[in-house]
Amino acid sequence: MTRATMKAVVYDGPERVKIATVPAAEITGPDDVLVRITRTAICGTDLGLLRHPGDLPTGTILGHEYVGVVEAIGSSVRGFRPGDRVSGSDFTACGRCWWCRRGDHWECKSRAFFGTGTSFGRALDGAQAELLRVPFADVVLQHLPDAVSDDAGIFFGDVLATAYAAISRADILPGDTVAIVGGGPVGLVTSMVAGARSAGPVVLVEPLEARRARATSLGALAVDPVGASSLVRSLTDGRGADAVIDAIGGGLGLSASFGLIRKRGTIVSVGVHHDDSSAFPTRRAFAEELTLRFVIGDSMRDRDQFTALVSTGLLDLDAVITRVVPFDDAVGAYADLLAQRAMKIVLAL
Ligand SMILES: [Zn+2]
Ligand SMILES: [Zn+2]
C-alpha cells in the first residue's frame, strides 16, 4: 500500500513543534526498510534541539526513538519481512567499514541521526511520523522479542543503549558503589542496568523530588545533590564511589562527578557536551589516577546483551514512562516535557 502523505511532528521554531501533513516516507534505496510506526518517544535530545536549534531547519521531522512494523523492504534487505515487529538504532551505520567491523558504529562515515537536522551528521527524517525510512536496515533495525512490549522497545535505540554502554565502560566489579548524576530517563535506566549487572549500592543524584521518588521505587538510593557526597562517603568508608556516571553532561555534570569519585575510580560521561572546553582537575586526576571516559550508546553493538536483560524481566522499562498518549497529543506532550511536568512521554499511533 503506497500513500502520498503522512502525519509527522515537525520543528516549528525555537521551543515549538506542530503536527504537519508531509510527503509520506518511502523506500529510496535497496538497503531501506519502510517502518509503520506504532510507538515513538520524545527524548531529552529532542528538547535540547528545540532549545539550541543551530543545525535544525524549520520543518524537520523530529524523533529517533521508535517501534513499528515493517511495511516494505528494499531489494537487497535480507533480515526483515513485511509484518515483522521492529525497533532500531537512533542513528545509522553501514555495517561494513573499518569502524563498523570494530563495533564502533558511531564513527561510520555513513552515520545519519534520525530527526536531528545536521546536528550529528547527515540529515535524516525522524521517527515521530506515521512512516519511517530506515537506511542500512539490516544493520540498524532489530527484531523485537514477543516478551518486549512496544512501550519498552522504544528505549532500545537510544536510552537503554546509552545506559548499557555507560555501565559497560565503568569497570565495575560485583558489589561496587555506583553513583549516577541526573535522574532523567538515561540516569534512571542506568541505575537499573547497574543493579542488573551486579553493582552494590546505586546512588542516584537528582534535584527533583518526583524523580527521586521514582528512582527509589526502582531500587536506587536517591539523594538531592546537596546530600550526595556525604551519602556516598558514608557508604564507602569515606573513599567515594567506585564509578560515577554523568547523565547530565556539561561542566555541571563533570564537576558533580569529580565530587563523588574515589581515588583510582572511573567517571563515565554520557550526558551531551556543547562547550568546547571546561574546567578539569588535572593535578588531582593525575595524583589520584582517575579515569574519565566519554561514551555514546550503540544499540547496533550492544543490543544482543541488553535485549536479554529486558526480555527476561531484569529491567522494568515501562516504569520509566510517565504516560503514553495518542500521537495527535504530541504538541501538549512536548510542552509538558519542556516544562519538566513529565519525564518520558510515548506517542502511540
Ligand atoms: Zn533519544
Ligand atoms: Zn560503517
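Domain bounds here come from an automatic or database domain assignment. The structure is a predicted model, so treat the exercises below as reading practice on that model.

**Exercise 1. Into which domains is the protein divided, and how many residues does each give to the contact?**

Solution. Start with the bounds: domain 1 covers 5-158 + 298-348, while domain 2 covers 162-294. Next, take the separation, which is 27 Å between the C-alpha centres of domain 1 and domain 2. Then look at the contact, to which domain 1 brings 18 residues and domain 2 brings 15 residues. On the domain 1 side, α1 (44-51) and α11 (299-311) each supply at least two residues. The most comes from α11, with four residues. Finally, sort the domain 1 side by class: nine residues are nonpolar, five are polar and four are charged.

**Exercise 2. Which residues of the largest nonpolar core touch the most other members, and where does this core lie?**

Solution. The core has 106 residues, and Val178, Val189, Val203 and Ile245 touch the most other members. Helix α5 (residues 159-168) provides the largest share, eight residues. To place the core, check who contributes: domain 1 (5-158 + 298-348) and domain 2 (162-294) both give residues, so the core lies between them. Now zoom in on Val189. Leaving out residues up to four places away in sequence, Val189 touches Phe155, Val159, Leu160, Ala163, Leu317 and Val320.

**Exercise 3. Which residues of helix α9 are buried, and what covers them?**

Solution. Helix α9 runs over residues 250-258, and its buried residues are Gly253, Leu254, Ser257 and Phe258. They sit on the same side of α9 because they cover an arc of only 130° around the axis. A reminder about helices helps here: an α-helix has 3.6 residues a turn, so residues three or four places apart point the same way. As for the cover, it includes the strands β10 (178-181), β13 (241-246) and β14 (261-269).

**Exercise 4. Is Thr38 buried or exposed, and what does it touch?**

Solution. First locate Thr38, which belongs to strand β3 (residues 33-41). Then count its neighbours: a residue is buried if 20 or more other C-beta atoms lie within 10 Å of its own. Thr38 has 20 other C-beta atoms within 10 Å, so Thr38 is buried. Not counting residues up to four places away in sequence, Thr38 touches Val67, Gly68, Val69, Asp150 and Leu349. For a contrasting pair, take Thr38 and Ile296, which are 258 residues apart in sequence and 26 Å apart in space, C-alpha to C-alpha.

**Exercise 5. Where are Ser198 and Arg264 found, and is each buried or exposed?**

Solution. Ser198 is in the loop between α6 (185-196) and β11 (202-205). Its phi is positive, about 75°, although Ser198 is not a glycine. Arg264 is part of strand β14, and it too is a non-glycine with a positive phi, of about 60°. For the second part, the cut-off for an exposed residue is 12 or fewer other C-beta atoms within 10 Å. Ser198 has 12 such atoms and is therefore exposed. Arg264 is likewise exposed, with 12 other C-beta atoms within 10 Å.

**Exercise 6. How compact is the protein as a whole?**

Solution. Begin with the inventory of twelve helices and 17 strands. The radius of gyration is 20 Å, close to the 20 Å that the globule rule gives for 349 residues, so the protein is as compact as a globular protein of that length. The C-alpha trace spans about 65 × 40 × 40 Å along its principal axes. Buried residues account for 50% of the 349 residues.

Conventions: Residues are numbered from 1 along each chain as its sequence is written. Chains are lettered from A and ligands numbered from 1 in the order in which they are written. This is a predicted model: local features need pLDDT of at least 70, side-chain atom pairs count only at pLDDT 80 or more; totals for chains, interfaces and linings use all residues. Two residues are in contact if their C-beta atoms, placed from the backbone, lie within 7 Å. Ala, Val, Leu, Ile, Met, Phe, Trp, Tyr, Cys and Pro count as nonpolar, Asp, Glu, Lys and Arg as charged, and the others, Gly among them, as polar. The arc is that of the directions from the helix axis to the C-beta atoms. A nonpolar core is a set of buried Ala, Val, Leu, Ile, Met, Phe, Trp, Tyr and Cys residues joined through C-beta atoms within 7 Å. The radius of gyration is taken over C-alpha atoms; the globule rule is 2.2 Å times the number of residues to the power 0.38.
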